Amino acid sequence: MTIRFGMFTLDEERRQLTKDGEPLPLSPKAFQLLRMLVAQRPRVVSKEKIIEALWPDVAVEEANVRNLIAEVRDAVGADLIRTAHRLGYAFEGAVHAGPRIAARLEDTLRAYPLVDGASVIGRDPSCAVALDARGVSREHARIRFSAGTARLEDLGSKNGTWVNGARIDCPVVLREGDKVAIGTLTLTYRLQDAAGTTSSLDLQLPPRPDVC
């Protein structure tokens, strides 16, 4: 399950905390504590329950909990973790389920959402942007979205990745309205408000030396 709050995403499956798509260093127990507080929001989680969950069958002092709370606050900000005097701690932020949709690629038929982090574009159905079209490689390109910026890179595809008519050979920052050509498809990049073989294509498009 993926949970969002503010600029942060808590990915329980990957056991990772990110901010604007960038991973944040968080120890396993601090991650577990944050997940517990988020799951129990807005209720206060007692220090006893925290110790029981994080250190089962091990005698530890409350100082261990305070140290983990300090680590979590360093990662997400002190204002999100409230101290209930002599009782425990509570999570104060507004939470949303699922990854944040940061932008999208769209054609005449549908829109493909892009979330914080990496989105692979390709023919493989497991790709975030799965394109069943001629000239699309199994894993063709990748968009990394972080801190409000999307960077498109080709993944060594047979027919290349093109932006506004120019083939790219290194990561390129996408701008609103850019035209991205993948195989026979042309997709438009839009910022979000709030495995087959590859066919050879003869793409006669002009060079663009200033894409990097």
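**Exercise 1. Find which residue stands opposite Ala-141 in β14, and place that pair within its sheet.**

Solution. Begin with the pair itself: Ala-141 stands opposite Asp-154 in β14. Next, look at the two strands, β13 and β14, which run antiparallel and are joined by six bridges; here strands are DSSP runs of E with at least two residues, helices are runs of H or I with at least four residues, and both are numbered from the N terminus. Two strands are said to pair if DSSP finds at least two bridges between them. Then widen the view to the open sheet of five strands, whose order is β12-β11-β13-β14-β17 and whose pairing is mixed. Its edge strands, each pairing on one side only, are β12 (129–130) and β17 (172–173).

Before going on, note that this is a predicted model, in which local features need pLDDT of at least 70 and side-chain atom pairs count only at pLDDT 80 or more, while totals for chains, interfaces and linings use all residues. Residues are numbered from 1 along each chain as its sequence is written, and side-chain values use heavy atoms, with hydrogens and water left out.

**Exercise 2. Describe the open sheet with the order β5-β7-β6 and the helices that lie on it.**

Solution. Start with the strands: three of them form this open sheet, and the pairing is antiparallel. The edges are β5 (45–46) and β6 (81–84), each of which pairs on one side only. Between β6 and β7 (residues 88–91) there are four bridges in the antiparallel sense, and Arg-82 has Ala-90 in β7 as its bridge partner.

Now add the helices. Helix α1 (residues 28–40) packs on the sheet and touches β5, β6 and β7, its direction making about 70° with that of β7. Helix α3 (residues 62–76) lies across β6 and β7 and runs at about 150° to β6. Axes are lines fitted to C-alpha atoms, for helices over the stretch in contact, and angles run from 0 to 180 degrees between N-to-C directions.

**Exercise 3. Work out how α1 and α3 meet, and which residues take part.**

Solution. The axes of α1 and α3 come within 9 Å and cross at roughly 75°. That makes α1 roughly perpendicular to α3, a term used for 65 to 115 degrees, whereas under 35 counts as roughly parallel, over 145 as roughly antiparallel and the rest as oblique. On the α1 side the residues are Lys-29, Ala-30, Leu-33, Leu-34 and Leu-37, which meet Leu-68, Ile-69, Glu-71, Val-72 and Val-76 in α3; contact means heavy atoms within 4.5 Å. By class, the residues of this contact are eight nonpolar, no polar and two charged. Nonpolar covers Ala, Val, Leu, Ile, Met, Phe, Trp, Tyr, Cys and Pro, charged covers Asp, Glu, Lys and Arg, and the others, Gly among them, are polar.

**Exercise 4. Trace the strands that pair with β9.**

Solution. Strand β9 (residues 101–106) pairs with β10 (residues 111–115) in the antiparallel sense over five bridges, and a hairpin joins β9 to β10 through four residues. Within this pairing, Arg-104 has Pro-113 in β10 as its bridge partner. Turn then to β19 (residues 185–191), which runs antiparallel to β9 and is joined to β9 by four bridges. There, Glu-106 stands opposite Thr-188 in β19.
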